[in-house]
Amino acid sequence: MPPKSHIKSVAVVGAGAAGAAVAAALKAENYFERIQVFERRETAGGTWIYDAEPDPLPLCPGKLPPDTDPALEIPEALPRITPPVDQKRWTKTPIYNSLTTNVPAIAMSFSDSQFAYGPFVPHHVPRQYVENYFSIHKTDSFLQLNTTVEDITKLPPSKDRSSERWKLTLRKHDALRRVDIWWEEEFDAVILANGHYAVPYIPQVIGLEEYIAKYPDRISHSKKYRAPTIYAGKKVLLIGNSASGHDLSLDLVGVAKAPVYQSRRSKARWDGDGPLSGIAWKPVIREYLPSGRIVFEDDSYLDDVDAVLYCTGYQPSFPFWNAQANGRPLWDYAANKLVGTYWHTFFQDLGTLAIVGVPRTLTFRSFEYQAIAIARLFAGRNALPLPPLEEQEQWEAERARRTRAEGKKFHDVPWDEGQTIEWLDGLFRIAGLGTIRGEGLVPPALSPELIWAVEHLRKYPEEPSEHEEKGSDEVHAARAEGGWVVVQREKLPLGGVLP
Ligand SMILES: Cc1cc2nc3c(=O)[nH]c(=O)nc-3n(C[C@H](O)[C@H](O)[C@H](O)COP(=O)(O)OP(=O)(O)OC[C@H]3O[C@@H](n4cnc5c(N)ncnc54)[C@H](O)[C@@H]3O)c2cc1C
Ligand SMILES: NC(=O)c1ccc[n+]([C@@H]2O[C@H](COP(=O)([O-])OP(=O)(O)OC[C@H]3O[C@@H](n4cnc5c(N)ncnc54)[C@H](OP(=O)(O)O)[C@@H]3O)[C@@H](O)[C@H]2O)c1
């Protein structure tokens, strides 16, 4: 039976890994009449594009994207040509020179195309890979580069259309003429693949704003970090010990003044019982004093710090989402989650909108599952319908309740508790199998080799015993050699998945 979906045109926001997976899945359906992937950068690649010169970094402690990344004012009467906008848009990426991937290549790459090599590769490998993926699937013709989606507004059903449509306001920067070209386009469905590591977050701390005003060059964020050279001989304090804090502190050892101080709020997966050599741990900062003294929660302090590097992550931003016209916000910053979502991918009240890439989990590979499930659903070729609205609402409410009670994040889908497989399996079931004529991509199986790699290969040692096996000097040495570790594990937490 050919599908009967009314969705014939689909807009995709973003040409990173998520956009690449979505484009491939939509094309494979051989059903949609118009697919456009809008990307504000000059090339596909998303997060993995390296910008040698970082964006200037406005420092706004405690401020969230509705303040730090607001919507642009859209000119009236489109189409129209205007001088280029000068509002800060956070388009550059946080990639630094020494960055390598932290997920084994076999598990990070899409199922139908491997990374050039592995297991942990320099940042240019995934960048080239994402760009190539568009060509491999002949979806490069869908790309509208240099084009920012500035507004997404839902249009009500019209006389000839029983269902909602979406009006996108688009802005293309014409570098030759140094102008912005604005226009509007309508689509039956929209898939958001806009990423969520663009707008940096710096927490509010007593005295920080005054400190920034008095010492304007001292505070920075990992988004702006490229290399340790500018910190040579300086007394540096990093805040945060997640992936950026861990990586940057190691990058600075041996270049910045010893020790490199690292302020930690909680124990990270890779933290042993004490810091690696060259690093000194500090607790959370309590206050910045006008003298320049930085006081910590245990009353200890540091004077004469030359540089404070916030590695405190990012906040998702959807400046293009017209909450007023669409009658609801997309993201709840207080709850740190999408509003009205189902399975981190679909929207309970908006059947022609979907999003890929929000969960913190296996990245590229999970985008592939999301993309295939969405493409098949939008083409009307899915195997299972989405559950009734009450069941979707129940899923969201129950997950919100449970993650809140456990102090976890709504969109974190960890591997170790089997949650990743359960989540991917849900998408697998919605998508179903391909057709006898081969239309549509089929959700990939998770091979035993992939599962082994996720569970045994680590960029850094993680358990205390692994730290003991590899002392801190060895960790530095392994890192210098581009080394990685194989972790011995007796227990596989995914009973039944492996023989
Ligand atoms: C420093 C760092 C290191 C990382 N390392 C790893 C790693 O080792 N392994 C791993 O699996 N993951 C890693 N990640 C996570 C990484 O973000 C994902 O791997 C993946 O690249 C996310 O893909 P995405 O397509 O969802 O988002 P992105 O790669 O961010 O792509 C989104 C795209 O949307 C575009 N866009 C946004 N808004 C608009 C708009 N309004 N109009 C048009 N275009 C728009 C952006 O320009 C961008 O190109 C890392 C992230 C960071 C920040
Ligand atoms: N390939 C790589 O090696 C690599 C390198 C860098 C980044 N990445 C990826 O990039 C993404 C972002 O990573 P990230 O490390 O930049 O951000 P992140 O994972 O969100 O971590 C933020 C860090 O800031 C701390 N923090 C947040 N608010 C704080 C506060 N108010 N006071 C003190 N500490 C606070 C957090 O502590 P808590 O843990 O206590 O919340 C955490 O250590 C992740 O997907 C990551 O995997 C990958």
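These notebook entries record what I looked up in a predicted model, namely the shells around two ligands and the packing of two helices.

**Entry 1: ligand 1**

I began with the surroundings of ligand 1 and found 30 residues there. Gly14, Gly16, Gly46, Gly195 and Gly357 come nearest to ligand 1. I then sorted the shell of ligand 1 by class, which gave 14 nonpolar, 13 polar and three charged residues. Next I asked which element gives the most to this shell. I found that helix H1 does, with three residues. Strand S5 (147-155), like H1, supplies at least two residues of the shell around ligand 1.

**Entry 2: helix H1 and its packing**

I followed H1, which spans residues 17-28, to helix H4, residues 124-136. I noted that two packed helices are described by the angle between their axes and the distance between the axes. The axes of H1 and H4 come within 9 Å and cross at roughly 15 degrees. H1 is therefore roughly parallel to H4, as the angle is under 35 degrees. I recorded the crossing of the two helices as left-handed.

I then looked up which residues meet in this contact. On the H1 side I listed Ala17, Ala20, Ala23 and Ala24, and on the H4 side Val130, Tyr133 and Phe134. By class, the contact of H1 with H4 holds seven nonpolar residues, no polar and no charged ones.

**Entry 3: ligand 2**

I turned last to ligand 2, which 20 residues surround. The closest to ligand 2 are Pro203, Gly240, Ser242, Ser244 and Gly313. Helix H6 (residues 243-252) contributes the largest share of this shell, four residues. I counted seven nonpolar, 11 polar and two charged residues around ligand 2.

Methods: Residues numbered from 1 in each chain as written. Chains lettered and ligands numbered in written order. Predicted model: local features only at pLDDT ≥ 70, side-chain atom pairs only at ≥ 80, totals over all residues. Near = placed C-beta within 6 Å. Nonpolar A, V, L, I, M, F, W, Y, C, P; charged D, E, K, R; others polar. Axes fitted to C-alpha atoms, helices over the stretch in contact; angles between N-to-C directions. Parallel < 35°, antiparallel > 145°, perpendicular 65-115°, else oblique. Left-handed = near helix turned anticlockwise from the far one by under 90°. Contact = placed C-beta atoms within 7 Å.
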